[in-house]
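Biologist: I'd like to learn how to read the pockets in a model. Can you walk me through this one?

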Amino acid sequence: MPNYKLTYFNFKGRGEIIRYIFAYTNTPFEDHRIDYNEWPAHKSSFPFGKVPVVEIDGVVYSQSLAIARYLAKQAGLTGKTPIDDLNIDAVIDHLDDLVTLFPWEGDEKKKNEYMDKCFPPVLSGLEKALGNKKWFAGDYVTWADFFWDNCYDMFEHHRPGFANAYPHLLALRKRVHEIPEIAAWIKKRPESQF
Ligand SMILES: N[C@@H](CCC(=O)N[C@@H](CS)C(=O)NCC(=O)O)C(=O)O
């Protein structure tokens, strides 16, 4: 098995999808967390000046979703057909749009405006796409289900209960938390605000 080292901050954030996949597959990895206050001193040592990165046998790879997709393929967490993958990737990209465009550095007013305007179309679309299915892909779990849970954690901090109008999505989060390997990870992971 390759040697894996994930470098990120002590946030769940964009690192958590990678940690979930490692946890789900019981894959040992080094969970290196840089103190956010010390980041400026580290930034230039990363190929794109961003984290998360994963080192695989000493080679550095960037972009959380590219890394997660690579790991998910090996873990059997991607689609069983190309069309399933198309749907799964679309879910990931809808959620990623919300994360990428979120005004993380903005004030509360900006964040609230963004959530009011941009969240309902995406969340109601995902709620409809999921419907009464167990997982986004139907009867099998994929990394899209994990990523919904990770995004929930990122946004909940800013607006607790932001997804309360979407019962299917809330139930999905619960199901993800009931996966034994994920439950064990949640129990043992370091405390972090978001
Ligand atoms: N699309 C990239 C985004 C990477 C990114 O923006 N990372 C942030 C933390 S979530 C970062 O490195 N911020 C510090 C900086 O830009 O200096 C990914 O998913 O990996």
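Modeller: We'll go through the pockets one by one, and keep in mind that this model is predicted.

Biologist: Where do I start? How much space lies in the largest pocket?

Modeller: Start with volume, then look at the lining. Here the largest pocket holds about 930 Å³ of space. Its lining counts 26 residues, and Tyr8, Arg14, Lys50, Val51 and Trp104 are the closest to the pocket's centre.

Biologist: Which elements give two or more residues to that lining?

Modeller: Those are β1 (4-9), α3 (64-75) and α4 (82-101). It also helps to check domains: domain 1 (4-75 + 181-188) and domain 2 (82-178) each put at least three residues into the lining of the largest pocket.

Biologist: And the chemistry? How many residues of each class are in the lining of the largest pocket?

Modeller: For that, sort the lining by class. You get 14 nonpolar residues, along with six polar and six charged ones.

Biologist: Okay, next one. What does the second largest pocket look like in volume, and which residues lie nearest its centre?

Modeller: Same routine. The second largest pocket has about 190 Å³ of space. Its lining has 13 residues, with Asn87, Val91, Ala129, Lys133 and Phe136 nearest the centre.

Biologist: Which element supplies the largest share of that lining?

Modeller: That's α4, with six residues. Both α4 and α5 (108-130) supply at least two residues each.

Biologist: How do the residues of this second lining divide by class?

Modeller: Seven are nonpolar, four are polar and two are charged.

How values were computed
Residues numbered from 1 in each chain as written. Predicted model: local features only at pLDDT ≥ 70, side-chain atom pairs only at ≥ 80, totals over all residues. Heavy atoms only, no water. 1 Å grid on protein atoms, 1.4 Å probe; cavity = no way out; pocket = protein on both sides within 12 Å on 5 of 7 lines; lining within 4 Å. Points joined across faces, edges and corners; volume = space filled by probe spheres on them. Helix = DSSP H or I, 4+ residues; strand = E, 2+ residues; numbered from the N terminus. Nonpolar A, V, L, I, M, F, W, Y, C, P; charged D, E, K, R; others polar. Domains from an automatic or database assignment.
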